Amino acid sequence: MTTTTPAANPVSSSPDVVSNEATQRFATACQNISKEMMERWSAADLLALYELPLMDLLWQAQQVHRANFPANVIQCSSLLSIKTGGCSEDCSYCSQSARYDTGLQSESLLALDVVLSAARAARDSGASRFCMGAAWRGPKDKDLPTVIEMVREVKALGLETCVTLGMLKAGQAEQLKKAGLDFYNHNLDTDSDYYAELISTHSYADRLATLQAVRDAGIKICSGGIVGMGESRKNRAALIAQLANLPTQPESVPINHLQPVPGTPLADQLPLDHFEFVRTIAVARIAMPASWVRLSAGRGDMDETQQMLCFLAGANSVFYGDKLLTTSNVDMQADQQFFNRLGLQIVKQESDQYG
Ligand code: SF4
């Protein structure tokens, strides 16, 4: 793989230093990606990448992307809320917290046949993975057998399975693994230094402990974050460094753009500049070269050109389907036409084709 030297960065206070450091780091990464993954990134390295001119950053991200993935494939996951609202936790961005008056109608755990019907529809529309989300602090022992049955039956439909259930207690990850669970989603959400501004009912260390339990059980990890929650660029760089520096990098990395929900503490949050969002995708791609970087919440508010820029920056996965847990997403037929126009091919099973 060849590398190029970006021009000096006109927006940095010390342009040559920042640009050269980032370039050197990137050149090392390109020489040996697996070596880089062992060495790990610092937040400062990633901040330096953020501060490159956008075209240079995109060029670097494209090179990393093409060195690790076929350039024109996209993985599609479908997401279903299997238990909605009434959550005990206080995540400031979330419509499902019982602490905020968001007008959301709570629903108890769905019946198996309802879940299977949604999973079949997702599979028939081209989704390769079916994600089931429950608004819990963590699954109660009485609920876990029902979820396990869902995992088993969805897997039998030929879909990859993912669940997001909150924090796991000892032994729960192993039970899910035994049922055939492929992925567990548990986002770090934001930089550990900013975390307390957003969530008080469970800690950053709690999240890391669940990710470790999932990894120890042999389940693949889906973990990313949300940007546009009032954090700084430095916080965003630190979040990506924390994801990239997990003992093993997450196989899937969802990058969400906050969708402010009326009634939540972040209801009036101003949107992040789209180019800053694109930079976040590009930095995630470079820092986690072998991960599927997913353009997640917020995609429904982006026009096609904005989405295309995210794909150019290295996003190669999307949530597919008209709804994301409780917020709207992009119409499926419109997505299929859009991908066709871009020449993007929907990948069938990422684990089969790319290990
Ligand atoms: S734990 Fe999950 S469902 Fe509950 S408030 Fe936080 S993000 Fe929402």
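Two residues are taken to be in contact if their C-beta atoms, placed from the backbone, lie within 7 Å. In the predicted model described here, contacts in the protein chain between residues at least 6 apart in sequence join, in 78% of cases, residues at least 24 apart. The protein chain contains 13 helices and 12 strands, and 49% of its 355 residues count as buried.

The surroundings of the ligand are formed by C87, E89, C91, C94, Q96, S97, A135 and G166. By class, this shell comprises 4 nonpolar residues, 3 polar residues and 1 charged residue. One of the residues around the ligand, G166, is located in the loop that connects strand 3 (160-164) with helix 7. G166 counts as buried because 20 C-beta neighbours lie inside 10 Å, and 20 or more such neighbours are required for a residue to be classed as buried. When neighbours within four places in sequence are left aside, the contacts of G166 are with W136, R137, G138 and P139. A further relation within the ligand shell concerns G166 and E89: these residues are 77 residues apart along the chain, and their C-alpha atoms are separated by 9.9 Å.

Strand 3, which precedes the loop holding G166, is mostly covered, with 5 of its 5 residues buried. The side chains of this strand are divided between two directions: E160, C162 and T164 point one way, whereas T161 and V163 point the other way, and all are buried. Strand 3 pairs with strand 2 (residues 129-134) in the parallel sense over 5 bridges. Within this pairing, R129 has E160 of strand 3 as its bridge partner.

Helix 8 (residues 204-216) was examined in turn. This helix has 13 residues and reaches 18 Å from its first C-alpha to its last, close to the 18 Å expected at 1.5 Å a residue. Its buried residues are R207, T210, L211, A213 and V214. These residues lie on the same side of helix 8 because they cover an arc of only 160° around the axis. In general, an α-helix has 3.6 residues a turn, so residues three or four places apart point the same way. Helix 7 (172-178), strand 4 (183-185) and strand 5 (220-222) are among the elements that cover the buried residues of helix 8. The face turned away from the buried side of helix 8 carries the exposed residues A205 and D216. Just after helix 8, a positive phi of about 85° is adopted by G218.

Terms used: Residues are numbered from 1 along each chain as its sequence is written. This is a predicted model: local features need pLDDT of at least 70, side-chain atom pairs count only at pLDDT 80 or more; totals for chains, interfaces and linings use all residues. Helices (H or I, at least four residues) and strands (E, at least two) are DSSP runs, numbered from the N terminus. The expected span of a helix is 1.5 Å times one less than its number of residues. A residue is buried if 20 or more other C-beta atoms lie within 10 Å of its own, exposed if 12 or fewer, and partly exposed in between; C-beta atoms are placed from the backbone. The arc is that of the directions from the helix axis to the C-beta atoms. A residue is near a molecule or strand if its C-beta atom, placed from the backbone, lies within 6 Å of it. Ala, Val, Leu, Ile, Met, Phe, Trp, Tyr, Cys and Pro count as nonpolar, Asp, Glu, Lys and Arg as charged, and the others, Gly among them, as polar. Two strands pair if DSSP finds at least two bridges between them.
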